[in-house]
Amino acid sequence: MYLLELGGEDDAFAAREATSAATGVRRIAPGLAVANAVNPERVRGLAYTHRASDLLGRTDADLETARALLETAPIDREGSVAVRATDVHGSTGVSTARAERELGSVLVDRGFTVDLDDPDHVLRAAFSEGPLEGGGELEADAETGDLFADAGAEADSLEERVSVCALGWLAAESVRDFGDRAPTDKPFFQPGSMDPLLARAAANIAGAGPGATILDPMCGTGGGLVEAGLVGADIVGTDAQEKMVRGARENLEHFLEPDEPSPTGVDRGEWTVARGDATRLPLADDSVDGVVFDAPYGRQSKIETHRLEDLVAGALAEARRVAPRAVMIADRSWTSEARAAGWELEAAFERRVHRSLTRYVLVLERREPST
């Protein structure tokens with residue numbers, strides 16, 4: 001069993017992304033989840049999971065019971081250790097410095113030496129209290145397709161307050177280099193570009209990774225393609241505007257052409273970008289593993305040849321033809337159009353950007369015709 005330390009403001013979304021690197025993911029407290037197994041290499045590429053640890057045990061979120069747990073837990077390792085503690089969202093009031101000292105003293109009593117600079121093992125102690133809420137996961141109206149929060153489920157979860165301290169041996173950490181790829185710092189920038197954290201999470205949910213091919217049929221500046229390529233996926237991008245195609249190529253050359261491996265430790269993906277119509281893709285059926293796209297945002301979008309509704313509907317239909325899975329990001333619910341195109345809505349999430357913009361993330365699975 002593994003402990004996952006989640007990041008961001010939406011645990012449900014973070015846990016959904018974590019399933020690309022772990023099996024049996026389930027949330028146990030605000031900011032914390034457990035998993036049956038993890039792929040450490042994939043954990044390195046997650047956006048909203050910071051760490052995965054081999055779970056030693058869990059108890060209530062107070063230092064006395066955490067210490068008792070550590071004193072009695074079976075430990076099958078030796079060498080030097082360091083203890084790192086966190087109080088998730090400051091929810092418990094536990095002093096992390098005191099926790100590190102006291103838990104460290106337990107380990108010394110059990111035969112370990114302390115090395116804060118280069119330890120053989122790092123013990124993570126995560127304390128968390130609060131309601132186990134649903135976060136930004138949404139439901140879709142069966143008739144209209146409109147997205148809404150499941151108020152009933154959230155009300156039930158608000159009554160389920162949890163208090164957890166989880167101890168685990170650090171197994172993998174995600175690479176926190178997203179600030180190096182802020183949209184405004186890329187060689188080519190356009191307003192409205194997606195931040196790299198959300199782009200990475202969407203790529204992971206779509207199945208990006210070594211051996212996979214990911215398509216973005218409305219690639220814009222190429223931010224989503226960059227993130228998919230940095231976790232090892234080969235990528236294909238199209239855009240209707242030649243300016244965007246040139247800019248995306250510039251960004252992809254900058255981030256994916258270096259010879260050394262990606263910061264996540266895998267080889268950077270191969271890439272192709274060309275001008276094209278998302279409603280008429282020059283690709284064979286089932287030619288890619290997943291599709292990610294950021295749909296145009298209403299009146300601020302520049303659409304030369306299609307009405308917005310026709311463009312999105314056509315892109316969804318083509319995405320279903322070429323891939324079994326898609327992750328669509330938009331400023332509204334397009335679930336009716338997605339269902340009409342033959343998609344099943346696996347999950348939906350709400351991501352607030354600022355007062356006037358909320359992004360919706362739709363996770364779509366191909367609906368096979370009934371026989």
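# Reading a predicted fold, piece by piece

Author: Let's start with a spot in the backbone: just after helix α7 comes G232, and its phi is positive, near 105 degrees. Keep in mind as we go that this is a predicted model.

Reader: How do I read the sign of phi?

Author: Here's the general idea: most residues other than glycine have a negative phi. In this model, a glycine with a positive phi also sits in the turn between β3 and β4, where G31 has a phi of about 80 degrees.

Reader: Which residue in the loop between β7 and α4 should I look at?

Author: Try H89, which lies in that loop, between β7 (80–87) and α4 (96–109). H89 isn't a glycine, yet its phi is positive, about 55 degrees. H89 is also exposed, given its relative accessible area of 62%. Then there's D286, another non-glycine with a positive phi, near 55 degrees. You'll find D286 in the loop between β15 and β16 (290–294).

Reader: Back to α7, then. How many of its eight residues are buried?

Author: Seven of the eight, so to speak a helix that is mostly covered; α7 spans residues 223–230. The buried ones are G223, L225, V226, E227, A228, G229 and L230. Notice that a glutamate, E227, is on that list.

Reader: What covers those buried residues of α7?

Author: A mix of helices and strands. The cover includes helices α6 (196–206) and α8 (242–256), along with strands β13 (213–216), β14 (234–239) and β15 (271–275).

Reader: Now sheets. How do I read strand pairing?

Author: In general, strands of a sheet pair through backbone hydrogen bonds, either parallel or antiparallel. Here you can follow an open sheet of eight strands with mixed pairing, in the order β3-β4-β1-β6-β12-β9-β7-β8. At its edges are β3 and β8 (113–114), each of which pairs on one side only.

Reader: Which strands does β4 pair with in the antiparallel sense, and over how many bridges?

Author: There's β1 (residues 2–6), which pairs antiparallel with β4 over four bridges. There's also β3 (residues 26–29), joined to β4 by three bridges and likewise antiparallel. The link from β3 to β4 is a hairpin with two residues between the strands.

Reader: Which residues stand opposite each other there?

Author: On the β1 side, L4 stands opposite A33 in β4, and E5 is listed opposite L32. On the β3 side, A29 faces L32. So L32 turns up with E5 and with A29.

Reader: Are the faces of β4 covered or open?

Author: Both are covered. In β4 (residues 32–35), L32 and V34 point to one side, A33 and A35 to the other, and all four residues are buried.

Reader: How would I read one buried residue inside a helix?

Author: Check its exposure, then its contacts. Take A14, in helix α1 (residues 11–18). With a relative accessibility of 0%, A14 falls under the 20% cut-off and so counts as buried. Setting aside residues up to four places away in sequence, A14 touches L6, G7, Y48 and T49. For a sense of distance, the C-alpha atoms of A14 and L4 are 10.0 Å apart, with their positions 10 residues apart along the chain.

Reader: Where is V312, and what is in contact with it?

Author: V312 is in helix α9 (residues 308–322). V312 is buried too, at 0% relative accessible area. Beyond its neighbours within four places in sequence, V312 is in contact with A295, M328 and W334. Its C-alpha atom and that of E350, 38 residues along the chain from it, are separated by 19 Å.

Reader: Let me zoom out. How do I judge the whole chain?

Author: Begin with the parts list: 10 helices and 19 strands. The radius of gyration is 22 Å, close to the 21 Å that the globule rule gives for 371 residues, so the chain is as compact as a globular protein of that length. Along the principal axes, the C-alpha atoms fill a box of roughly 70 × 50 × 45 Å.

Reader: What share of the residues counts as buried, and what does the surface look like?

Author: Of the 371 residues, 53% count as buried. The chain exposes about 16900 Å², and carbon and sulfur atoms supply 45% of that. As for contacts with a separation of 6 or more, 74% are between residues 24 or more positions apart.

Reader: And how far apart are the mean positions of the charges?

Author: Just take the two averages: the mean positions of the 39 positive and 66 negative charges are 4 Å apart.

Conventions:
Residues numbered from 1 in each chain as written. Predicted model: local features only at pLDDT ≥ 70, side-chain atom pairs only at ≥ 80, totals over all residues. Heavy atoms only, no water. Rg over C-alpha atoms; globule rule 2.2 N^0.38 Å. Buried < 20%, exposed > 50% of the residue type's maximum accessible area, 1.4 Å probe, protein only. Contact = heavy atoms within 4.5 Å. Areas by Shrake-Rupley, 256 points an atom, 1.4 Å probe, with all protein chains shown as cover. Lys, Arg positive; Asp, Glu negative; His and termini not counted. Charge placed at Lys NZ, Arg CZ, Asp CG, Glu CD. Pairing = 2+ DSSP bridges.
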